[in-house]
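Please work through the exercises below with the sequence and the model side by side. Each task is followed by a solution in steps.

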Amino acid sequence: MLVTWKYKERNTIIQRLDPRARWIFLLCVLFSAIQFWDIRFLLFFFGISLAHFFLSKLTWKETRRVLIFVFVLVVFIVGIGAILTGRGGPGEALTMFRETKNIIWQVEWVVPWVGWTIRPNVSVEKLVFAATQIVRMLSISILFIPLAFTFDPSQYGVTFRGLGLPDKFAVSMDLAFRFVPTLGRDFSITLDSQRARGYEVEKLEGGLIAQIRKMAPLIVPVTINAIVGGEDIVNAMDLRCFGLRKRTWLQKLEYKSRDYVLIGLGVLILAGSIFITKGLKLGDFWVPAWAPGLFGF
Amino acid sequence: MKKKWYEFGTREVVFAALGAALYGVLSWATNALALPAAGNVALRPAVCIPMFFGVVFGPWVGFISGFLGNIIGDALSGWGFWIWWDIGNGLMGMVPGFAMPLIQNYREVKSLVIADIFVVLGAVVGMGFSSAMEIVTSGIDFATAFGGYFVPAAVTDIINGVILVPILMVAYSAVATRSGR
């Protein structure tokens, strides 16, 4: 079983940016987007997410699995939930749902034995809220999807060290990425060896607990072998005086002018968002005045 | 000499990296294999790795194994970057790490029970954190977060962890005796 990263060198503008600058920008956009409930502002962040996605030059074949998952989750689970319950948004949205007269559909149902009357409804405001929720979640989800495909795994350690993570944590990250192909190979060998002994992981029998216990012949050898090998690595690093001095890195990241521009843009977006929401008190849930007219109200 | 739980030396650096790589690879590999599911509980054996590494090597190793391991697993599968779930997996590995000072012998029933209690706590705290943050960032309501995210994730992780972590601890006890650490 060959373990391969989804990352590929594509020579796009996104990959020419310093990874630290990318992370700072993406985190600024994330913390900005979550402050808004007005779809007009959220569409701006949705545009940024789409721009990031398309500038990464990802193909449908590479991303279809995750995009379909996100789409189903956002539209069917969150969107339909928002239409039926109206819950999850800011408090003033709930008030709007309770007081609205723009009800498109409503049913009344009496719960047996207890006699409670429930009146679920779909209103114009809830439809707008569902659309807002969908745009919000898609903006946040799509923003980070390109990272797996455009972020070089060998740069994780030096990037997070550059962002202020302690040396030892950053070294741990680097080592982890280095171990992945080795452990993938070990897993493959263990799986083949167990299969040669009659162990078929795809055909585990028994109840839930029995099936999980039967995963042990696959998990335990790989884990214990990795730990035994790890002791040798610890000794080798100790013999080379690891941790006694500040560490240098094989790769050196340097900011260019475009990276400063990107960081500045991210900070500007974040500062602007805070000013708009906290200073100008804008960005709350908004229903367009023309929306009720679409349904004959 | 008894190790302190907050230590993060060379040993912890290496085993945190190993735990992360193992969690990532096993998550990816067990997704790729057609594992049977039993009812609504998926077979996710890989979740035992950050919990086990936390119990044996301490909370920092458990956190990095879960946090970075989830990032690696998502990177291998092309699932993107889900920060709240990465932190949640980190917490799921970190909380069992606080059982480390309470465990003297990895084969004793008392130690296995203590580890299992912390495994349950870890899954609840970790998946609870991730689900709660989805309320804040995605704007879903509590019922969706609890029923749609927390319950499926936590129940799966608890069942897989409670069964596999003690098995790993017993297997590790032989290695620990041999290495003398």
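The exercises treat helices, burial, aromatic rings and cores in turn.

This is a predicted model, in which local features need pLDDT of at least 70 and side-chain atom pairs count only at pLDDT 80 or more, while totals for chains, interfaces and linings use all residues. Residues are numbered from 1 along each chain as its sequence is written, chains are lettered from A and ligands numbered from 1 in the order in which they are written, and side-chain values use heavy atoms, with hydrogens and water left out.

**Exercise 1. Compare the span of helix α3 of chain A with its expected value, and establish where its buried residues lie.**

Step 1. Helices (H or I, at least four residues) and strands (E, at least two) are DSSP runs, numbered from the N terminus. Chain A has 13 helices and four strands.

Step 2. The expected span of a helix is 1.5 Å times one less than its number of residues. Helix α3 of chain A (residues 39-55) has 17 residues and should therefore span 24 Å; its end C-alpha atoms are 24 Å apart, in agreement.

Step 3. Buried means under 20% relative accessible area, exposed over 50%, and partly exposed in between (1.4 Å probe, protein chains only). In α3(A) the buried residues are A:Ile39, A:Leu42, A:Phe45, A:Phe46, A:Ile48, A:Ser49, A:His52 and A:Phe53.

Step 4. The arc is taken from the directions that run from the helix axis to the C-beta atoms. Down the axis of α3(A), the buried residues fall within an arc of 160°, so they line one face of the helix. An α-helix has 3.6 residues a turn, so residues three or four places apart point the same way.

Step 5. After α3(A) comes A:Lys57, with a positive phi near 55°.

**Exercise 2. Apply the span test to helix α11 of chain A.**

Step 1. Helix α11 (residues 216-239) of chain A has 24 residues, and from first to last C-alpha it reaches 34 Å, close to the expected 34 Å.

Step 2. Just after α11(A), A:Cys241 has a positive phi of about 60°.

**Exercise 3. Classify two aromatic pairs of chain A and state the burial of their members.**

Step 1. Rings of Phe, Tyr and Trp (its six-membered ring) pair if their centres lie within 6.5 Å; planes under 30 degrees apart count as stacked, over 60 as edge-to-face and the rest as tilted. By this rule there are 25 aromatic pairs over all chains.

Step 2. A:Phe151 and A:Tyr156 are stacked, at 4.3 Å centre to centre with 20° between the planes. Both A:Phe151 and A:Tyr156 are buried.

Step 3. The ring centres of A:Tyr255 and A:Tyr260 are 5.4 Å apart and the planes stand at 50°, so this pair is tilted. A:Tyr255 is partly exposed at 27% relative accessibility, whereas A:Tyr260 is exposed at 51%.

**Exercise 4. Which rings lie under the charged ends of A:Arg40 and A:Arg136?**

Step 1. A charge sits over a ring if NZ of Lys or CZ of Arg is within 6 Å of the ring centre and within 35 degrees of the ring normal.

Step 2. For A:Arg40 the ring is that of A:Trp286, with the charged end 3.8 Å from its centre. For A:Arg136 the ring is that of A:Trp37, at 4.0 Å from its centre.

**Exercise 5. Describe the largest nonpolar core and the surroundings of B:Met169.**

Step 1. A nonpolar core is a set of buried Ala, Val, Leu, Ile, Met, Phe, Trp, Tyr and Cys residues joined through side-chain atoms within 4.5 Å. The largest one has 135 residues, and B:Phe52, B:Phe53, B:Leu68, B:Met169 and B:Tyr172 have the most contacts inside it. Helix α1 (residues 10-32) of chain B gives the most to this core, with 14 residues.

Step 2. Contact means heavy atoms within 4.5 Å. Setting aside neighbours within four places in sequence, B:Met169 is in contact with B:Phe52, B:Val55, B:Ile103, B:Tyr106, B:Ser111, B:Leu112 and B:Ala115.

Step 3. One aromatic cluster is formed by B:Phe15, B:Phe52, B:Phe53, B:Phe57, B:Tyr106 and B:Tyr172.

**Exercise 6. Is B:Asp157 buried or exposed, and which residues does B:Asp157 touch?**

Step 1. B:Asp157 lies in helix α6 (residues 142-179) of chain B and is buried, since its relative accessible area is 0%.

Step 2. Residues up to four places away in sequence not being counted, B:Asp157 touches B:Arg44, B:Val47, B:Met51, B:Met92, B:Ala123 and B:Met127.
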